[in-house]
Amino acid sequence: MNYLKNNPDNVAQWFFAHLWLSVLPVVVGLVVALPIGWIASRYKWSYPPITNLAGLLYTIPSLALFIIMPSILGTKILSPVNMVVALSVYSVALLVRVVADGLNSVAPDVRAAATAMGFTGFSRFLKVDLPIAVPVITAGLRVATVSNVSLVSIGALIGVPQLGSLFTTGFGRYIPGIVLLGVILCLLLALVLDGLILLGSRMLTPWQRAVAKR
Amino acid sequence: MIGNVFDWLADGSHWSGEDGITNRLIEHLQYSFGALVFVLIIGIPLGLFIGHTGKGAVAIAGSANALRALPTFGLLVYVVIQFSGDLPADWAYLGPSLFVLVVLGVPAVLSNTYAGVQNVDPAARDAARGMGMTGWQVLWRVEVPNALPLILSGVRSSMLQIIATATVAAYVTLGGLGRFMIDGLSQQDYAQMAGGAILVAVLAVALDLVMAVAQRYVVSRGITGRYARPAPNADVVAAESRLEV
């Protein structure tokens, strides 16, 4: 913990870089995954190819993807853009299936009731289908965010500064305390982000608590 | 840039010798499958026990998810620095790395095995009991065959995590395909780095496909067949099981 005392600015900078690198890809991932997941749930024939492709992308090890990115994007190897794009790809891959399954979980009766009340097309999607799918989607968001925090730290191997830099610094000096500080801060970040998503999910689905109370 | 990568891969001299691709590939498979064997020995019996008896379910849902948040790379570096000094030279880096690979691989197998057994239709279980099957028979003849798709998808995601982390282990002086990425970076040789990255990606995808095919033949046709439900993504199952707790 001496390292934290002597280099508070470094650690704070790495912490916020880590936060940003973990959250941004999930946001991008959700924005991209929503329409694709909608297509997969709306048109049944498209579900297997879309989810299979997503599974295939999810298979590629992260370090490999970080390194392959520059040759696809034409970026520099040290650019954080490689990581943001690679992690966004993972988030999309994970969330597409989650969004599709979430939308599929809406009971046909509920849909029929909504239609009978006059909801059509996009407004039904926005006001009925999507809110009902929220718990499933946020479960996926939690997985994507928490695993991103861990994956971001691997970026230290290709020299992108964030909390993972504590691992490489610690290994370079062979001091376990520095590495442990990094592990603890990563866990803390994952825990806080996970808690925030859970809180958001509760706020978006007040009816779940109402049902529980009865 | 891409041309250079393929030149690097096509160069025969890069494939032979102790630090050649062939040998690195074998090392990578040895680490990965070595760790996977331990993962299966620990994860499957424990998952079956918890699923069958219902004991300890809350504990595994919690710990499996806490482990997901643990930064792989940090854990690896920490365990190596902390314990390599106490181990015989041959095991100084290999031992801690294998330990970390096992720790990371267990949760997916354990939680999927548990979830698979737990999700078996209670009517099927009751019917088996009604026919006079003992607890063991219910487990082996009803619960395991029905849970197999989920168990195997847990094994798959565990295997992929292990292969990915075995790549990172090259940083702590281990062999395997990760060497090309780590060495390529320090030598500023992008062709070597990207070549290694492509090899790892191809290895992961190929092994996953092999498992997918195996799954098709191992799982009973009554369960896949026309009534097939897509095996839920292991990670999401774990997240959902936590939500229920």
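**Exercise 1. The interface between the chains**

How much area do chain B and chain A bury between them, and what share of it is on carbon and sulfur atoms? Work from this predicted model, and then describe which elements of chain B take part in the interface.

*Solution.* Begin with the area: chain B and chain A bury about 3900 Å² between them, and 79% of this lies on carbon and sulfur atoms. Next, turn to the charged and polar pairs, where the count between the two chains is 0 salt bridges, while 4 residue pairs, both at pLDDT 80 or more, are in polar contact. The side of chain B that touches chain A receives two or more residues from each of α3 (57-69), α4 (72-83), α7, α8, α9 and α10 (234-244) of chain B. Of these, α9(B) gives the most, with 10 residues. Finally, count the residues in contact, which are 46 from chain B and 45 from chain A.

**Exercise 2. The largest nonpolar core**

Find the residues that touch the most other members of the largest nonpolar core, and follow one of them, Tyr171(B), to its neighbours.

*Solution.* The largest core has 98 residues, and those touching the most other members are Ile67(A), Ile154(A), Leu157(A), Leu166(A), Phe73(B), Val77(B) and Tyr171(B). Helix α9 (residues 190-218) of chain B supplies the largest share of this core, namely 13 residues. Now take Tyr171(B): leaving aside residues up to four places away in sequence, it touches Leu157(A), Thr168(A) and Phe171(A) in chain A, as well as Phe73(B), Val77(B) and Ile182(B) in chain B. Apart from the largest core there lies another, of 10 residues, including Val92(A), Val143(A), Ala144(A) and Ile197(A).

**Exercise 3. Helix α8 of chain B**

Which residues of helix α8 (residues 178-186) of chain B are buried, and what covers them?

*Solution.* The buried residues in this helix are Gly178(B), Arg179(B), Phe180(B), Met181(B), Ile182(B) and Gly184(B). Their cover includes α4 (62-73) of chain A, and from chain B it includes α1 (2-10), α2 (21-53), α7 (135-168) and α9. Just after the helix, Gln188(B) takes a positive phi of about 50°.

**Exercise 4. Record and model**

Compare two of the regions that a record lists for chain B with the helix content of the model.

*Solution.* An unreviewed UniProt entry lists "transmembrane region" for several spans of chain B, among them 66-85 and 194-219. In the model, residues 66-85 of chain B are 80% helix and 0% strand, with end C-alpha atoms 28 Å apart. Residues 194-219 of chain B are 96% helix and 0% strand, and their end C-alpha atoms lie 37 Å apart.

**Exercise 5. Salt bridges**

Describe three salt bridges, and decide whether each partner is buried or partly exposed.

*Solution.* Start with Asp129(A) and Arg124(A), whose side chains meet at 3.4 Å, N to O. Asp129(A) is buried because its relative accessible area of 4% is under 20%, whereas Arg124(A), at 22%, counts as partly exposed. Both belong to a network of salt bridges that also links Arg111(A).

Next, Asp194(A) and Arg142(A) meet at 2.8 Å, N to O. Asp194(A) lies in helix α9 (residues 176-204) of chain A and Arg142(A) in helix α7 (residues 121-154) of chain A, so the pair ties together parts 52 residues apart in sequence. Both partners are buried, Asp194(A) at 10% and Arg142(A) at 6%.

Last, Glu143(B) pairs with Arg125(B), their closest N and O atoms being 3.0 Å apart. Glu143(B) is buried at 0% relative accessibility, and Arg125(B) is buried at 16%.

How values were computed: Residues are numbered from 1 along each chain as its sequence is written. Chains are lettered from A and ligands numbered from 1 in the order in which they are written. This is a predicted model: local features need pLDDT of at least 70, side-chain atom pairs count only at pLDDT 80 or more; totals for chains, interfaces and linings use all residues. Side-chain values use heavy atoms; hydrogens and water are left out. A nonpolar core is a set of buried Ala, Val, Leu, Ile, Met, Phe, Trp, Tyr and Cys residues joined through side-chain atoms within 4.5 Å. Buried means under 20% relative accessible area, exposed over 50%, partly exposed in between (1.4 Å probe, protein chains only). Helices (H or I, at least four residues) and strands (E, at least two) are DSSP runs, numbered from the N terminus. Contact means heavy atoms within 4.5 Å. UniProt positions are given in the numbering used here, feature names are shortened, and annotations may be inferred rather than shown by experiment. Buried area is the accessible area (1.4 Å probe) that two parts lose on being put together, summed over both. A salt bridge is a side-chain nitrogen of Lys or Arg within 4 Å of a carboxyl oxygen of Asp or Glu. A polar contact is a pair of N or O atoms within 3.5 Å; within protein, one must be able to donate a hydrogen and the other to accept it, and residues adjacent in sequence count only if both atoms are side-chain atoms.
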